[in-house]
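Me: Could you take a close look at one part of this model for me, the charged side chains and how they pair up? I'm new to this, so please keep it friendly and explain the terms as you go.

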Amino acid sequence: MAEEKKEFLTYKGRPLVRSKNILYYGDMRDPCVVMLQIMETKQNGDEEIAGRIVMQMMSTNPKADPSEMVLKRSERVGLYNSLDLAAAWLDRQLGPVEEE
């Protein structure tokens, strides 16, 4: 059988991958990505939504010193606010995403 290529969910042209309460925003082939860790959630009817989120822009260089891997750090309330800031960080660091 042919191998099926999996497409990632994207936000403003960059991949967004979730593993439990951690989201990685950006392409791991780029010099940096943003890790968003959901610290608190809130109930909204039947749904659970993200509350407080800790964000870190991290180097993807495997040879980097662990103490120098975190380039920026912030905290936001709500997933949209966090992703919007993460997109701005990556645009400033890497340049805007080109439309395909």
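**Charged pairs up close**

Reply: Let's start with arginine 52, which is partly exposed at 27% relative accessibility. That label has cut-offs: buried means under 20% relative accessible area, exposed means over 50%, and partly exposed is in between, using a 1.4 Å probe and protein chains only. Before going on, note that this is a predicted model, in which local features need pLDDT of at least 70 and side-chain atom pairs count only at pLDDT 80 or more, while totals for chains, interfaces and linings use all residues. Residues are numbered from 1 along each chain as its sequence is written, and side-chain values use heavy atoms, leaving out hydrogens and water.

Back to our arginine. Its side chain meets that of glutamate 40 in a salt bridge, at 3.5 Å from N to O. A salt bridge here is a side-chain nitrogen of Lys or Arg within 4 Å of a carboxyl oxygen of Asp or Glu. This pair links distant parts of the chain, with glutamate 40 in the loop between β4 and β5 (41-44) and arginine 52 in strand β7 (residues 52-59), 12 residues apart. Those labels are DSSP runs numbered from the N terminus: helices are H or I with at least four residues, strands are E with at least two. Glutamate 40 is partly exposed too, with a relative accessible area of 43%. There's a third partner to know about: Glu40, Arg52 and Glu75 are linked in a network of salt bridges.

Why do such pairs turn up? Side chains of opposite charge can pair when their charged atoms come close. Searching the whole structure gives 5 salt bridges. One of them joins aspartate 84 to lysine 12, whose closest N and O atoms are 2.9 Å apart. Aspartate 84 lies in helix α1 and lysine 12 in the loop between β1 and β2, so this pair ties together parts that are 72 residues apart in sequence. The aspartate is partly exposed, at 30% relative accessibility.

Lysine 12 has another quirk: its phi is near 50°, a positive value in a residue other than glycine. To put that in context, most residues other than glycine have a negative phi. Lysine 20 does something similar, with a positive phi near 55°. Lysine 20 is found in the loop between β2 and β3 (22-25), and it counts as exposed at 74% relative accessibility.

Helix α1 (residues 79-94) also takes part in a salt bridge between arginine 14 and aspartate 91, at 2.8 Å from N to O. Here too distant parts of the chain are linked: arginine 14 sits in strand β2 and aspartate 91 in helix α1, 77 residues apart. Arginine 14 is buried, with a relative accessible area of 5%, whereas aspartate 91 is partly exposed at 33%.

Now zoom out a little. The chain has 1 helix and 8 strands, and from the N terminus on they run β-β-β-β-β-β-β-β-α. Of its 100 residues, 31% count as buried. Its side chains include 14 positive and 17 negative ones, and the centres of the two sets lie 5 Å apart. In that tally Lys and Arg are positive, Asp and Glu are negative, and His and the chain ends are not counted; each charge is placed at NZ of Lys, CZ of Arg, CG of Asp or CD of Glu.
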